[in-house]
Structure formats: C-alpha cells, structure tokens
Amino acid sequence: MKGLVRKRNMLLKKLDRYSEFVRGSISSVCATCNRARCICQKTSSLRAYRLTYKDNQQKTRIVYVPRDQLPRIRKMIANHAQVRTIIEQLVETNIKLFKEETRR
Ligand SMILES: [Zn+2]
C-alpha cells in the first residue's frame, strides 16, 4: 500500500511538469478574409492561426494564436495528452488503493 501511495505522489509530481496545457486543435485561416478557404479576389497566402476548443458548456471557442506562439501552443496541446495519461494512471492507482483499504 505504501508503494501505491508513493506511486500516486510520484504521478502528482509528474503532473506539475505539464501544468501548462490546453485542449483543442490548431487551424489556420486567411489573414485577410478570415476564411479557411480564402475568398479574397487576389488569393493571399498569409495565414492566421487559431486554437479551437470547447469550453465547459461544450461551446466552441476560438483563440487567435500569434505565429510566434505556435510552437508553445503545440506544446500545450501535447501537454494535455500527457495530463490525460497521468490522470488515467492516477485513477488506476486510486482504485488499487481503494481495493486494498476496503479488503479488510
Ligand atoms: Zn482571403
């Protein structure tokens, strides 16, 4: 059981490493007409980037992402995947602990 508590603490500490995370996906639109498929008379190749995610009401939200922040946002999305994996491991650990504690 001590091993399981230690494992839980280790996972919680690991969670700290990925604290900067967001949920969502990155897409790009034309910087001029704001459409995914440019409708400008003279097609522009300049793109604007945005993060699309659903808030806690399941409402779709869009956040514009400056080009120089793209690597950071990508990292934040990757961190979210890590956080989810760690939370799954925490659930498993807590279930094991619960079983051990209620076995007696
Ligand atoms: Zn356009």
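**View 1. Q58, an exposed residue in the loop between β2 and β3.** In this predicted model, Q58 counts as exposed because it has 6 C-beta neighbours inside 10 Å. You will find Q58 in the loop that leads from β2 to β3, the strand covering residues 60-65. Have a look at the backbone here too: phi of Q58 is positive, about 65°, although Q58 is not a glycine. Most residues other than glycine have a negative phi.

**View 2. N34, in the loop between β1 and β2.** Here is another backbone to pause on: N34 is not a glycine, yet its phi is positive, at about 65°. Is N34 buried or exposed? With 12 other C-beta atoms within 10 Å, N34 is exposed, because a residue with 12 or fewer falls in that class.

**View 3. L51, a buried residue of strand β2.** Strand β2 takes in residues 47-54, and L51 is part of it. Why does L51 count as buried? L51 has 21 C-beta neighbours inside 10 Å, and the class begins at 20, so L51 qualifies. Which residues does L51 touch, leaving aside those up to four places away in sequence? They are V22, G24, I26, V63, V65 and I73. For a distance to check on screen, try R61: L51 and R61 are ten residues apart along the chain, and their C-alpha atoms are separated by 8.1 Å. Across the chain, 2% of the 104 residues count as buried.

**View 4. F21, in the loop between α1 and β1.** F21 comes ahead of β1, the strand of residues 25-30, in the loop that follows α1. F21 counts as partly exposed, because 16 C-beta neighbours lie inside 10 Å. Setting aside residues up to four places away in sequence, F21 touches M76, N79, H80 and V83. For another distance to check, pick V91: F21 and V91 are 70 residues apart in sequence, and 20 Å lies between their C-alpha atoms.

**View 5. Helix α1 against helix α2.** This view pairs α1 (residues 2-17) with α2 (residues 70-103). The two helix axes come within 10 Å and cross at roughly 160°, which means that α1 is roughly antiparallel to α2. The crossing of α1 past α2 is left-handed. From α1, the residues in the contact are L4, K7, R8, L11, K14 and L15. They meet V83, I86, Q89, L90, T93, N94, K96 and L97 of α2. What kinds of residue make up this contact? Seven are nonpolar, three are polar and four are charged. V83 is worth a second glance, as it meets α1 here and is also touched by F21.

**View 6. Stepping back to the chain, with its two helices and three strands.** Starting at the N terminus, the order of the elements is α-β-β-β-α. Along the principal axes, the C-alpha atoms fill a box of roughly 75 × 25 × 15 Å. The radius of gyration is 21 Å, whereas a compact globule of 104 residues would have one near 13 Å. How far apart in sequence are the contact partners? Among contacts between residues at least 6 apart in sequence, 50% join residues at least 24 apart.

How values were computed. Residues numbered from 1 in each chain as written. Predicted model: local features only at pLDDT ≥ 70, side-chain atom pairs only at ≥ 80, totals over all residues. Axes fitted to C-alpha atoms, helices over the stretch in contact; angles between N-to-C directions. Helix = DSSP H or I, 4+ residues; strand = E, 2+ residues; numbered from the N terminus. Parallel < 35°, antiparallel > 145°, perpendicular 65-115°, else oblique. Left-handed = near helix turned anticlockwise from the far one by under 90°. Contact = placed C-beta atoms within 7 Å. Nonpolar A, V, L, I, M, F, W, Y, C, P; charged D, E, K, R; others polar. Rg over C-alpha atoms; globule rule 2.2 N^0.38 Å.
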